[in-house]
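User: I have a chain to look over at the bench. Please walk me through it by question and answer.

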Amino acid sequence: MIRFAVSLSVDEAADKLIAAIAAYPMGLVANANGQANCAKKGISVPADQVLEVFRPDYAVKVWAADKAAGIDIPLRIHLYEADGHTWVAYRPASVVFRPYANPQLDGLGGELDVIFNQLLAALDAWRIPS
């Protein structure tokens, strides 16, 4: 897992990432806003969002390489508040697909790592060891 802090609020980071995802273009499959969902139940928690990101053409390639790998898509970016910072955490596709020991998935993982690095660069992040 890669984890780093950013000098934005969770909402600002989510907005920037969503814009970058649309501009790339990738697909925002889902945006789970844990803080907003908890608030609906009267529960107060720090900001927490999970962005699920993928694209249909990559899904078809993953399925063709190993149908069982479909459980690992879409890929996720976790944005959350802790220790006075906004944190971003994600598992690179190359790491997600490594257990399949499949050269096709390894290649796709490398392609997706490049895309996700470009998306995450929109946050002007500084990396902190996890």
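The turns below cover the strands, the core, a pocket, the unusual backbone sites and one helix residue.

User: What kind of model is this, and how are residues numbered?

Analyst: Residues count from 1 along each chain as its sequence is written, and side-chain values use heavy atoms, with hydrogens and water left out. Local features need pLDDT of at least 70, side-chain atom pairs count only at pLDDT 80 or more, and totals for chains, interfaces and linings use all residues, as this is a predicted model.

User: Which strand pairs with β5 over five bridges?

Analyst: Helices (H or I, at least four residues) and strands (E, at least two) are DSSP runs, numbered from the N terminus. Two strands pair if DSSP finds at least two bridges between them. A5 stands opposite W87 in β5. The antiparallel partner over five bridges is β1, residues 2-6.

User: How many bridges join β4 to β5?

Analyst: β4 and β5 form a hairpin with two residues between them. Y80 stands opposite W87 in β5. The two strands run antiparallel, and the number of bridges is six.

User: Is β5 largely enclosed or exposed?

Analyst: Buried means under 20% relative accessible area, exposed over 50%, and partly exposed in between (1.4 Å probe, protein chains only). Five of the six residues of β5 are buried, so this strand is largely enclosed.

User: Which element gives the most residues to the largest nonpolar core?

Analyst: A nonpolar core is a set of buried Ala, Val, Leu, Ile, Met, Phe, Trp, Tyr and Cys residues joined through side-chain atoms within 4.5 Å. The largest has 36 residues, and I77, L79, L112 and L123 touch the most other members. Elements giving two or more residues include β1, β3 (48-54) and α5 (103-120). With seven residues, the top contributor is α5.

User: Which residues does I77 contact beyond its sequence neighbours?

Analyst: Contact means heavy atoms within 4.5 Å. Neighbours within four places in sequence are left aside. The partners are L17, Q49, V50, L51, V53, V88, A89, Y90, F116 and L120.

User: Which element gives the most to the lining of the largest pocket?

Analyst: On a 1 Å grid over the protein atoms alone, a pocket is an open set of points where a 1.4 Å probe fits, with protein on both sides within 12 Å along at least five of seven lines; lining residues have an atom within 4 Å of a point. The lining includes M1, I77, H78 and Y90. Two or more residues come from each of β4 (75-82) and β5 (85-90). With four residues, the largest share is from β4.

User: Where do the cis peptide bonds before P25 and P74 lie?

Analyst: Y24 and P25 are joined by a cis bond, with omega about 0 degrees. The bond from I73 to P74 is also cis, with omega near 5 degrees. P25 is in the loop between α1 and β2. P74 is in the loop between α3 and β4.

User: What is the phi of D83, and what is that of A101?

Analyst: D83 is exposed, at 68% relative accessible area, and A101 is exposed at 65%. A101 is in the loop between α4 and α5. Each value is positive in a residue other than glycine. Phi is near 55 degrees for D83 and near 45 degrees for A101.

User: Which residues does K61 contact beyond its sequence neighbours?

Analyst: K61 is found in helix α3, residues 56-65. At 38% relative accessibility, K61 is partly exposed. With neighbours within four places left aside, the contacts of K61 are L108 and E111.
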